[in-house]
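User: Hey, got a minute to go through this structure with me? I'd like to start with one side chain and then move on to some helix packing.

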Amino acid sequence: MTESIILSKLELLDLPTDPDKAHQLLTYLQMLLEWNKSMDLTAVTDEEEVLDRHFLDSLILLKHPEYLKGPVLDLGTGAGFPGLPLAIFRPDLSFTLADAQNKRLKFLEAVIAALELENVTLVHSRAEDMGRSPAFRETFGTCVARAVASLPVLCEYLLPMVSVGGCSVCWKGPSVLDEMTNGRRAAHLLGGHLLEPISYAIPGRDWQHMLLPIEKVSSTPKTYPRKAGTPGKSPLGS
């Protein structure tokens, strides 16, 4: 993998082609694959597929800046997707990356230090605990999640932390269309309103991916989120 390959792929997607940011993405990608040899960060190990599936897929939100308002929370960030690539390209916004597994945050801490990023904070917590905490509840302009849970569960994880007037954005596959009815009901209970899914493509791949924005139109009732584990066991809206 080279910086020129990264720049050419960014250009194909009509994304910013900044050599410095391409260098940061390359460093991040190399660290991801190196750390992945000793810990479970990604099942994908081919460099080009890692770039397409994780990095470019995360950066798609840059094409819809109306849904990217600071501060930004990436919930269940894992190896840093989508939050860390977005933080690289949007140094004007502050990003909080949260995950329940501390070992993943150790990796992200090393990446943030190597890239000298000053707009990223790490939080070790479950979503339900963060959503009930005054430090995080309804404080984020945008909350994002990629490959975390079904839509009704995601709504309960994310919407309590979105400020009124902000939004959450979920990265989903075509199966999200089957989740829309229950997801719409769950969002309504939590003060949210589902917008239409946005289909997009990664050049050279036949993946069917979608972004699903959810507007926060009113404050989330204090009864949500429910205690840890409950959203997944008993999803709202069903």
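Analyst: Sure. This is a predicted model. In it, the side chain of Arg-146 makes a polar contact with the side chain of His-54, at 3.4 Å.

User: Which other side chain does the side chain of Arg-146 make a polar contact with?

Analyst: That of Asp-57, at 2.8 Å.

User: And where is Arg-146 found?

Analyst: Arg-146 is in strand S4, which covers residues 140-146.

User: Does Arg-146 count as buried or exposed?

Analyst: Buried: its relative accessibility is 14%, and the cut-off for buried is under 20%.

User: OK, what is Arg-146 in contact with, leaving aside neighbours within four places in sequence?

Analyst: Arg-53, His-54, Asp-57, Ser-58, Phe-81, Pro-82 and Trp-171.

User: Switching to the helices. At what angle do H1 and H3 pack?

Analyst: About 45 degrees, with the axes 11 Å apart. H1 is residues 3-12 and H3 is residues 47-59. That angle makes H1 oblique to H3.

User: Is the crossing left-handed or right-handed?

Analyst: H1 passes H3 in a right-handed crossing.

User: Which residues meet there?

Analyst: From H1, Ile-6, Lys-9 and Leu-10; from H3, Glu-48, Leu-51, Asp-52, Leu-56 and Leu-59.

User: How many of the residues in that contact are nonpolar, polar or charged?

Analyst: The contact of H1 with H3 has 5 nonpolar and 3 charged residues, and no polar ones.

Technical notes: Residues are numbered from 1 along each chain as its sequence is written. This is a predicted model: local features need pLDDT of at least 70, side-chain atom pairs count only at pLDDT 80 or more; totals for chains, interfaces and linings use all residues. Side-chain values use heavy atoms; hydrogens and water are left out. Axes are lines fitted to C-alpha atoms, for helices over the stretch in contact, and angles run from 0 to 180 degrees between N-to-C directions. Helices (H or I, at least four residues) and strands (E, at least two) are DSSP runs, numbered from the N terminus. Angles under 35 degrees count as roughly parallel, over 145 as roughly antiparallel, 65 to 115 as roughly perpendicular and the rest as oblique. A crossing is left-handed if the near helix is turned anticlockwise from the far one by less than a right angle, and right-handed if clockwise. Contact means heavy atoms within 4.5 Å. Ala, Val, Leu, Ile, Met, Phe, Trp, Tyr, Cys and Pro count as nonpolar, Asp, Glu, Lys and Arg as charged, and the others, Gly among them, as polar. Buried means under 20% relative accessible area, exposed over 50%, partly exposed in between (1.4 Å probe, protein chains only). A polar contact is a pair of N or O atoms within 3.5 Å; within protein, one must be able to donate a hydrogen and the other to accept it, and residues adjacent in sequence count only if both atoms are side-chain atoms.
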